[in-house]
Each structure stands twice: as C-alpha cells, then as structure tokens.
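Dear colleague,

I am handing over the structure shown below, together with a summary of what was found in it. Please read the summary with the structure open beside it.

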Amino acid sequence: MKNLVLGAVALCSTALTPTLAVAQAEIQFWHAFTGRLGDLVAEQVETFNNSQSDYKVVASHKGNYSETLNAGIAAFRAGEQPNILMVFEVGTATMMSAKGAVKPVYQVMSEAGATFDQDAFIGSVKGYYTSTDGQMLSLPFNSSTPVLWVNKDALKEAGIAADVDLSTWDKVGDVLDTLKASGSECPLTTAWQSWIHLENFSAYHNAPFATKDNGFAALDTELSFNSPLQIKHIQTMGDWAKEGKFFY
C-alpha cells in the first residue's frame, strides 16, 4: 500500500505523560495533509475539540510525507517530539526500529484501559501495521488504493462498449489491442509502477513480495517478487510497451 497518500499514526512515548485534571491537556499532532485531505483533518480535529473540554488537539502540517517523518525524527532527537505523528507506509520499518521513540498503539490502548478491536480494520490495511505476533504497532488513519481511470469517449470512438469488462489484465489487454488498432496514441499509462504493478499486484494475489513475512519479521529481508505470476505480469507490461500500447 501506498500508502501511502497514505499514512499510519504512530504514538510517541510522551503520549501518556500524566497531566493534571485541572488543566486542558494539549495534544500535538503532526501530519502531512494538504488540500481536501487537510480540510478533512482540520474538521476532525475541530469536531473532537468541540466535543469535550479535557483535551485539545493541535494539528500542524509539516510538509509532505518524507518531510513530516524527518521533522518527527529531528524533533525526537531534540526532545521536542509531538504526541502523535503521521507516518506514511514507507516509514513503517523506521518506526518499528525506533525503540524508545514510539509507543505501539496496542500498548497505548492497553495502558489506557480503552477498548481496541483490531479486527475492526480492513485486514489488508491492518496487516501492514501489525507485528508478526499479531499486535498492531500503529493506527491506520488513511489508506490508498489504485484506481483505473477509463476514457469512455475514447472507448466509444474505437468501437468499444463504454462499460466493457476490465476486471482482469487479460481483458485489459484485449481492449488495448483494439485501441491501438484504432489509432490511439496512448492506450494505457500508469503511475507508481512498483507500488501498483508489484506491491498491490502481489498483495491481491497473496504472493510474497519479500522474505521474512514481507520484511516484518527481520531486517535481513530479500525481495522475492520473482514468482511466475509476477514475472508474467511484468513481461506483459513490457510487451505492451514495445507494441505501443503502454506508456510510462
């Protein structure tokens, strides 16, 4: 997942620092969202703050995903880390290895006596942020999924039904043949090739992407996306590129 455009919330070790009940506890939350997603986060924070008077969440935008992660690391080294830090999926290994810098969400919930149902999360999303012994390390906040955009006008011009079945790559290939033959200069393109055509493809087919539980069990992990299934898909994409049916 990309998460990507996606991230996980990691609770820092200061999240459960005792505070006096007489004062409103301020919770610093650093995130990477702008635009519509930034508006939604601001709305969530405002709704929570208005719902009670014991806590006040202060949301701060710290740049893109990489910049937000780096800001969190720098802040921790300076002893000025936020209570909650949004980290995208690429930073998961960094957070898992940051012993003492973060407190796993399952531990936070347990120490707070809060009800926490790990099974309430989508399995594929939960699995990415869960240790090999079944404990959730961070709280999934948002998750991305690839979307296939279709130009229905272009399909109609090529004599293809606008609602043509594109549920498999084989069926996509048949449509690309027709589009190419009709004169289309770019029948198919894609973004994030490794994320969509290797990571997501492998997850969808339950094919390992790497050894050691896809890298969650140990650091000495080796990439292993060389199964017949994955090789066939990448070979197909390569053939389409040579034939002028796929451009990147």
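To begin with a single residue, Tyr129 is buried, because its relative accessible area is 3%, and the cut-off for a buried residue is under 20%. Tyr129 also takes part in an aromatic pair with Tyr128. The two rings are arranged edge-to-face, with 5.2 Å from centre to centre and 65 degrees between the planes. Please keep in mind throughout that this is a predicted model.

Overall architecture

The protein chain contains 10 helices and 6 strands. Its C-alpha trace spans about 75 × 40 × 35 Å along the principal axes. Of the 248 residues in the chain, 35% are buried.

Aromatic residues and nonpolar cores

The count of aromatic pairs comes to 8. One aromatic cluster is formed by Phe29, Phe33, Tyr65, Phe88 and Phe141.

The largest nonpolar core has 15 residues, and those that touch the most other members are Phe29, Tyr65, Met86 and Val87. At least two residues of this core are supplied by each of strand E2 (25–31), helix H1 (35–51), helix H2 (65–77) and strand E4 (84–88). Strand E4 gives the largest share, with 4 residues.

Phe29 deserves a separate word, as Phe29 appears both in the aromatic cluster and among the core residues that touch the most other members. When neighbours within four places in sequence are left aside, Phe29 is in contact with Val41, Val45, Val57, Val58, Ala59, Ser60, Ile84, Met86 and Phe141. There is also a second, separate core of 11 residues, which includes Leu176, Leu188, Met237 and Phe246.

Packing of helices H8 and H10

Which two numbers describe a pair of packed helices? They are the angle between the axes and the distance between the axes. For helix H8 (residues 193–204) and helix H10 (residues 228–242), the axes come within 11 Å and cross at roughly 145 degrees. This crossing of H8 and H10 is right-handed. On the H8 side the contact is made by His197, Leu198, Phe201 and Ser202, and on the H10 side by Leu229, Gln230, His233, Ile234 and Met237. Sorted by class, the contact has 5 nonpolar residues, 4 polar residues and no charged residues. Met237 of H10 takes part in this contact and is included in the second core as well.

Individual residues

Asn200 is also found in helix H8. Is Asn200 buried or exposed? Asn200 counts as buried, because its relative accessibility is 18% and the cut-off is under 20%. Apart from neighbours within four places in sequence, Asn200 is in contact with Pro146 and Trp195.

Ser227 has its place in the loop between helix H9 (211–215) and H10. At 22% relative accessibility, Ser227 counts as partly exposed. The C-alpha atoms of Ser227 and Gly134 are separated by 27 Å, and the two residues are 93 residues apart along the chain.

Finally, Ser97 lies in helix H3 (residues 92–97). Ser97 is partly exposed, with a relative accessible area of 43%. Ser97 and Leu219 are 122 residues apart along the chain, and their C-alpha atoms are separated by 9.4 Å.

With kind regards

Notes: Residues are numbered from 1 along each chain as its sequence is written. This is a predicted model: local features need pLDDT of at least 70, side-chain atom pairs count only at pLDDT 80 or more; totals for chains, interfaces and linings use all residues. Side-chain values use heavy atoms; hydrogens and water are left out. Axes are lines fitted to C-alpha atoms, for helices over the stretch in contact, and angles run from 0 to 180 degrees between N-to-C directions. A crossing is left-handed if the near helix is turned anticlockwise from the far one by less than a right angle, and right-handed if clockwise. Contact means heavy atoms within 4.5 Å. Ala, Val, Leu, Ile, Met, Phe, Trp, Tyr, Cys and Pro count as nonpolar, Asp, Glu, Lys and Arg as charged, and the others, Gly among them, as polar. A nonpolar core is a set of buried Ala, Val, Leu, Ile, Met, Phe, Trp, Tyr and Cys residues joined through side-chain atoms within 4.5 Å. Buried means under 20% relative accessible area, exposed over 50%, partly exposed in between (1.4 Å probe, protein chains only). Rings of Phe, Tyr and Trp (its six-membered ring) pair if their centres lie within 6.5 Å; planes under 30 degrees apart count as stacked, over 60 as edge-to-face and the rest as tilted.
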